[in-house]
Amino acid sequence: MSTATLYVIATPIGNLADISARALQTLREVAAVCAEDTRHTRPLLAHYGIDKPLIALHDHNEEAIADKVVARLLAGESLALVSDAGTPLVSDPGFKLVRAARAAGVKVSPIPGACAAIAALSVAGLPSDRFAFEGFLPAKASARRERLSRLASATATLVFYESSHRIEESLADMLAIFGGDRPAVLARELTKLFETVLDGDLASLLAQVQADPNQRRGEFVVMVQGAGDDEAAQIAEGRRLYARLNEHLPPSTAAKLAAELSGAPRKALYGQADNH
């Protein structure tokens, strides 16, 4: 078994001061750093006077390069893994390397720090005793709506990442599927100069994003409160079923079946249909 370690190191999501002393010490001590984008990581290291060889490890080459990195670890070299921002593997590359290292008997050790999802959740004011991190929604509209439909009756707070290119479309789909009155929080550019945290419900958040171009810029964390009590969960599940059944059946039949299967009032399902 190798005595070397693969350190999985969280890096700042915006403010460069948000890096731990232990992370900096480890980056100075390892033989090399595996980075999602070397052009992004090099300035971070330079800012702290760290000069280390960088190994590009991203979605397109991770599988091919993982064995070579593990070979270096087995040879006794300790290495670091970082992503462009935040904690590696959380909607970032690194899963295949970590799995390969562990399978080879290499010690994998976390150096915790910034994570956009956790940072956003900590200031959202939404229930955080249970939450589900869903990462990025599919880019294709039909696949995105299908994913959201499956989550409509979830009772835990839902946490999503989204880009400036799709934030308006994603919020619109959430409104249509979860209902406009579902409490939600939109966190934008956390720890950066234009940090913004908007709260309210999905209808008001969408209206603010549509009205202000600045609210469509940057990187986003969208948090949506869960379906909540049994009645709300039933309605959410009924709406999901109705949307699917209505693709193949007359509206009245679809609503009747969806209400029977979910226990939701039929009128609530028709109300949702009117929003589409």
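**Figure 1. The outward face of helix H10 carries Glu 260 and Leu 261.** These two residues are exposed, and they sit on the face turned away from the buried side of H10. The model shown here and in the other views is predicted. Helix H10 covers residues 251-262, which makes 12 residues. From its first C-alpha to its last, H10 reaches 16 Å, close to the 16 Å expected at 1.5 Å a residue. The buried residues of H10 are Ala 254, Ala 255, Ala 258, Ala 259 and Ser 262. Seen down the axis of H10, these buried residues fall within an arc of 125°, so they line one face of the helix. Gly 263 follows H10, and its phi is positive, near 85°.

**Figure 2. Helix H7 ends just before a glycine with positive phi.** H7 spans residues 167-178. The helix has 12 residues and reaches 16 Å from first C-alpha to last, close to the 16 Å expected at 1.5 Å a residue. Its buried residues are Ile 167, Ser 170, Leu 171, Asp 173, Met 174, Ala 176, Ile 177 and Phe 178. Asp 173 appears again in the next view, as a salt-bridge partner of Arg 144. Just after H7 comes Gly 179, with a positive phi of about 100°.

**Figure 3. Arg 144 and Asp 173 form a salt bridge.** Side chains of opposite charge can pair when their charged atoms come close. In this pair, the closest N and O atoms are 2.8 Å apart. The pair links distant parts of the chain: Arg 144 lies in helix H6 (residues 141-151) and Asp 173 in helix H7, 29 residues apart. Are the two partners buried or exposed? Both Arg 144 and Asp 173 are buried. The chain has a count of 13 salt bridges.

**Figure 4. Arg 244 forms a salt bridge with Glu 146.** Their closest N and O atoms are 3.0 Å apart. Arg 244 lies in helix H9 (residues 230-245) and Glu 146 in helix H6, so the pair ties together parts that are 98 residues apart in sequence. Arg 244 is partly exposed, with a relative accessible area of 37%. Glu 146 is also partly exposed, at 27% relative accessibility.

**Figure 5. Glu 162 pairs with Arg 166 in a salt bridge.** The closest N and O atoms of this pair are 3.8 Å apart. Glu 162 counts as buried because its relative accessibility is 3%, under the 20% cut-off. Arg 166 is partly exposed, with a relative accessible area of 23%. Elsewhere, salt bridges that share partners join Arg 144, Arg 145, Glu 169 and Asp 173 into one network.

**Figure 6. Ile 118, Phe 131 and Phe 133 make a nonpolar surface patch.** The patch measures about 260 Å². Phe 133 is found in strand S6, which covers residues 131-136. At 32% relative accessibility, Phe 133 counts as partly exposed.

**Figure 7. Ser 91 and Thr 191 have positive phi values without being glycine.** For Ser 91, phi is about 60°. This serine sits in the loop between strand S4 (79-82) and helix H4 (95-103). Ser 91 counts as partly exposed, at 34% relative accessibility. For Thr 191, phi is near 70°. Thr 191 lies in the loop between strand S8 (183-188) and strand S9 (196-201). Thr 191 counts as partly exposed, at 25% relative accessibility.

**Figure 8. Ile 55 lies in strand S3.** Strand S3 covers residues 54-56. Ile 55 is buried, with a relative accessible area of 13%. How far apart in space are Ile 55 and Leu 148? Their C-alpha atoms are 37 Å apart, and the two are 93 residues apart in sequence.

**Figure 9. Residues 5-205 carry a UniProt domain annotation.** The unreviewed UniProt entry labels this span "domain: Tetrapyrrole methylase". The span is 38% helix and 23% strand, and its end C-alpha atoms lie 44 Å apart. For context, the secondary structure of the chain comes to 11 helices and 10 strands. Its C-alpha atoms fill a box of roughly 65 × 40 × 30 Å along the principal axes. Of the 276 residues in the chain, 45% are buried.

Notes
Residues are numbered from 1 along each chain as its sequence is written. This is a predicted model: local features need pLDDT of at least 70, side-chain atom pairs count only at pLDDT 80 or more; totals for chains, interfaces and linings use all residues. Side-chain values use heavy atoms; hydrogens and water are left out. Patches are made of residues with over 30% relative accessible area and no salt bridge: like charges are joined within 9 Å, nonpolar side chains (Val, Leu, Ile, Met, Phe, Trp, Tyr) within 5 Å. Accessible areas come from the Shrake-Rupley method with a 1.4 Å probe; for residues, only the protein chains shown count as cover. A salt bridge is a side-chain nitrogen of Lys or Arg within 4 Å of a carboxyl oxygen of Asp or Glu. Helices (H or I, at least four residues) and strands (E, at least two) are DSSP runs, numbered from the N terminus. Buried means under 20% relative accessible area, exposed over 50%, partly exposed in between (1.4 Å probe, protein chains only). UniProt positions are given in the numbering used here, feature names are shortened, and annotations may be inferred rather than shown by experiment. The expected span of a helix is 1.5 Å times one less than its number of residues. The arc is that of the directions from the helix axis to the C-beta atoms.
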